[in-house]
Amino acid sequence: MSAVADAPAGAPVSTDLTVGGMTCAACVGRVERTLARIDGVTAGVNLATGRARVLHPAGVAVGDLVAAVERAGFTAAPAGAGQPPVDRAEEPAERWRLLVTALAAVPVVVLSMVPALQFPAWQWVCFALAVPVVTWGSAGFHRRARQGLRHGTATMDTLVSLGVVASFGWSAYALVFGGAGGLGMRMPFSLTADGGGGAHVYLEAAVGVPLFVLAGRLLEGRVRRRTGSALRALAELGAKEVCVRDPRSGQERLIPIEQLLPGGVFVVRPGERVATDGVVVEGGSALDLSLLTGESAPVEVGPGDAVAGATVNVGGALVVRATAVGADTQLARITALVADAQAGKARAQRLADAVAGVFVPCVLAVAVAVLGFWLGAGADPQAAVTAAVAVLVVACPCALGLATPTALLAATGRGAELGVLVRGPEVLESLRRIDTVVLDKTGTLTTGRTELGELTVVPGVEADEVLRLAGAVEQRSEHPVGRAVLSAARARCGSLPAVAAFAATAGVGVTGSVEGRAVRVVRPEDSSAELPAVLAGARDRAGAAGRTPVLVELDGRAVALLAVGDTLRSGSWRALHRLRALGLETVLLTGDGPGAARAVAAELGIERVHCSASPARKAEVVAELRAAGRTTAVVGDGVNDAVALASADLGVALASGSDAAIGAAGLTLVRGDIEAVVDAVRLARRTLATIRVNLLWAFGYNLVLIPLAAVGLLNPMLAAVAMSLSSLLVVGNSLRLRTWQPGRGAGRPGGGPRRGAAGVAG
């Protein structure tokens, strides 16, 4: 994948490469250094995904980058070129190599460990079985170690190769020259002089090390691929074919999705996926958005409603006009964001890679020092060799290289499944440090749509009857307030009666005759009817909350007052409650006036309110908070929020918001529920905790086992088992993030969460 076509002249180009053959963090460093030797090129390599993101001048061809990686001893290809990941393509060959190695190695290990099974000249049988393991079974280790040597670097393969060669070489010497061919083998458990008169052989270590490393690497690769399953699942969501309808003849036919153009009309039958983003032109149904946004409840759609590709039609048939195809669809943008997040590096990962770059040479030095020390101390040469080989094998930095990227891979994938798109690993680190959340009001805490909020009626009048008559009059109105009243009336009362003698007066309201009754829906100040006290109080409450009061008259009598305006999003109260429970301070920052702002703040329990704020003022408030030592996240959805989003420590945008807001944000909430902010914070904290555990294990494992190996308390074969298990434990711990579940917030006091439906008072 390359961004050459979109890059302005002179700007660096971003290219992703799939790199094969990397086994540890030292390999990562080698690939990065190799690419950095090309003028103007910088690269970041992710061991868990097997990908390199390369920034290079437009004049540097992708083929040159691939050739550089291959000269370093690895395989490479442009990512997204259609070929499978390199490690997956090599898996069948690796399985055969492991099978043959196991068939030859297991008899050697069993004969070495069980004296009762030993027979005359059994050492030579073991030697014959060990030859194919050391040469063919371990060929990959030797080849990569040799390539690293040519480039002056050492990796995990260097340590394994040296350990296998040293064990086998010493055993061959002992068999041919040391008299071991006629002696029973026995395992040394201390570094003391051997009084048995013969040299020990270590063929069980020579075959056991590659056996366990190959098995561990195969299992590790499979588990690592599971951590990246979210990205593959997103890529597989897209439709392969689409049923298009000819607008003239009405005939339908199947075509490949690549042939669908914007403006084309296609059919979505029950149970099918929506082929691409579009607008419904015919039919009504419910769509399951869970695979794309994490939203569990199906969403009703009808003519004029926008639909997203890859969502599932769980109701009736739909006819949709395509508005975006290919890379412009919401699914494609989500997939790109997840891929970008998984390609980046967190600060902890950069530190671990830097440590691994010097770790292997240090291990080689320690192994040589251990060998020299015990030889100088008069210990048996074979015991000294055993200790040195054990140090080489047990110290492979696989776990260190996988500790951070596998956790980030699993977390970003899980976030995407829950409708939380993370732009990069640094965003997760920022989320962990957030202590203040600054929230926009309109479109963020509220729906941003004009809706009926409260309906107050005088005693003795039925609320539903008043709403039915008012909605009937508003059927012919085009005013947003009238549409809100009509929508609420249809939702609560179903079908509405016809209106006669309809008249609309700009800035005043509408009148008409419904079922023989004179109905007026007007501003309170334009009414000549006497206003009862209960309606006067409702009018004052509506004004204080920033809503529009609308009076309903029946036959010249004021009978009801409707408060119309923006309403809280479902889950806003729970989200604010949960944010405060996490120890985060909440601030309301809005361009709305004091009445509307303070009413929402009071309802949600927000103490700090900044109202009537321009885009520049919003950025100033964020700067003031940061200057006071607060680490801020700004949540918004509009163009007027873009500056504040960009100036905060972390910007959080709703996917339903403007492109400017999404572009300025580091975190995008695909589902229209700001509780996803809470989920993102909790997921980030869990991810960083997982990384800390992984790094603690990776470093602690080496700190404990290297000294044990150095003093002769760890056999090389057991060292290989421990090394493989350490990598599997790290990856398995990261994999737990794939099953992480968001918590459930407490309900709104006094009832369920507010849904924006009309309340009734009387």
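**View 1. The hairpin of strand 5 and strand 6.** In this predicted model, strand 5 and strand 6 form a hairpin, with six residues lying between them. Look in the turn for G250, whose phi is positive, at about 75°. The two strands, residues 241-245 and residues 252-256, pair in the antiparallel sense, and five bridges link them. If you would like one pair to start from, take R245, whose bridge partner in strand 6 is E252.

**View 2. Helix 5 and its kink.** Here we follow helix 5, which covers residues 122-137. A kink of about 25° sits at A130, shortly before the proline P132. How far apart are the end C-alpha atoms of helix 5? They are 21 Å apart, which agrees with the 22 Å that its 16 residues should span at 1.5 Å a residue. The buried residues of helix 5 include W122, Q123 and C126. Further along, A130, the site of the kink, is buried too, as are V133, V134 and G137.

**View 3. V213 in helix 8.** This close-up centres on V213, a residue of helix 8 (residues 203-227). Is V213 buried or exposed? V213 has a relative accessible area of 3%, so it counts as buried, the cut-off being under 20%. F141 is worth displaying as well: 72 residues separate V213 and F141 along the chain, and their C-alpha atoms are 10.0 Å apart.

**View 4. The largest nonpolar core, around L667.** The largest nonpolar core holds 126 residues, and M22, L445 and L667 touch the most other members. Helix 26 (residues 675-710) gives the most to this core, namely 15 residues. Which residues does L667 contact, once its neighbours within four places in sequence are left aside? They are V420, L421, V422, V427 and L431, then L650, G651, V652 and A653, and finally A680.

**View 5. A second nonpolar core.** Separate from the largest core is a second one, made of 36 residues. Among its members are L486, V519, V550 and L562, which make handy labels for this view. As background, nonpolar side chains tend to be buried together in soluble globular proteins.

**View 6. Confidence along the chain.** Please keep pLDDT in mind as you browse: the chain has a mean of 78, and 80% of its residues reach 70 or more. Over residues 182-199 the pLDDT is below 50, and this stretch has 42 contacts in the model beyond near neighbours in sequence. Residues 749-762 also stay under 50, with 31 contacts beyond four places in sequence.

Notes. Residues are numbered from 1 along each chain as its sequence is written. Side-chain values use heavy atoms; hydrogens and water are left out. pLDDT is the predictor's confidence in each residue, from 0 to 100. Contact means heavy atoms within 4.5 Å. Helices (H or I, at least four residues) and strands (E, at least two) are DSSP runs, numbered from the N terminus. The expected span of a helix is 1.5 Å times one less than its number of residues. The bend at a residue is the angle between axes fitted to the seven residues ending there and the seven starting there. Buried means under 20% relative accessible area, exposed over 50%, partly exposed in between (1.4 Å probe, protein chains only). Two strands pair if DSSP finds at least two bridges between them. A nonpolar core is a set of buried Ala, Val, Leu, Ile, Met, Phe, Trp, Tyr and Cys residues joined through side-chain atoms within 4.5 Å.
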